[in-house]
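Grab the viewer and work through these short exercises on helix packing and a pocket. Try each task before you read its solution.

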Amino acid sequence: MRIATIVSDTRVSTGEMGEYHYQRFLQWAFVQRQSKAAFARNILVARTDTNSEGIDQGLEFYAARYKISIDELCELIAQLDNEKKSISQIHAALEERFGHSSE
């Protein structure tokens, strides 16, 4: 596991959900007796842990593309996130810095 710079704000908000999925999420949170925020956090944590191998493979891909170490890539991602950059802005900044399009 690679932990880079400590980020100042680890809150994540979601985009709009369709009515069907919102209602099902609401019902699931109810059944689990958890607040919507706590339940959403727990789902994100579980999915992140479950997908660690895929995340690592993706980091390896981008580190090789930019010809930097995975640790440096993780550090840059955290730094740019601390600067309130969106994911697309982080990709654009890395492409500009290292000269390779992610397309």
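**Exercise 1.** Work out how helix α3 and helix α4 pack, and which residues make the contact.

*Solution.* Start with the axes: α3 (residues 52-66) and α4 (residues 70-82) pack at about 95 degrees, with axes 9 Å apart. Axes here are lines fitted to C-alpha atoms over the stretch in contact, with angles from 0 to 180 degrees between N-to-C directions. Because 65 to 115 degrees counts as roughly perpendicular, α3 and α4 are roughly perpendicular to each other. Next, the contact (heavy atoms within 4.5 Å): α3 brings L59, E60, Y62, A63 and Y66, while α4 brings I70, L73, C74 and I77. Sorted by class, that's eight nonpolar, no polar and one charged.

A note on the model: it's predicted, so local features need pLDDT of at least 70 and side-chain atom pairs pLDDT 80 or more, while totals for chains, interfaces and linings use all residues. Numbering runs from 1 along each chain as its sequence is written, and side-chain values use heavy atoms, leaving out hydrogens and water.

**Exercise 2.** Do the job again for α1 and α2.

*Solution.* Helix α1 (residues 19-32) meets α2 (residues 36-50) at about 95 degrees, with axes 10 Å apart. That makes α1 roughly perpendicular to α2. From α1 come Y22, F25, L26, W28, A29 and Q32; their partners in α2 are K36, F39, A40 and I43. The split is eight nonpolar, one polar and one charged.

How values were computed. Helices (H or I, at least four residues) and strands (E, at least two) are DSSP runs, numbered from the N terminus. Angles under 35 degrees count as roughly parallel, over 145 as roughly antiparallel, 65 to 115 as roughly perpendicular and the rest as oblique. Ala, Val, Leu, Ile, Met, Phe, Trp, Tyr, Cys and Pro count as nonpolar, Asp, Glu, Lys and Arg as charged, and the others, Gly among them, as polar.
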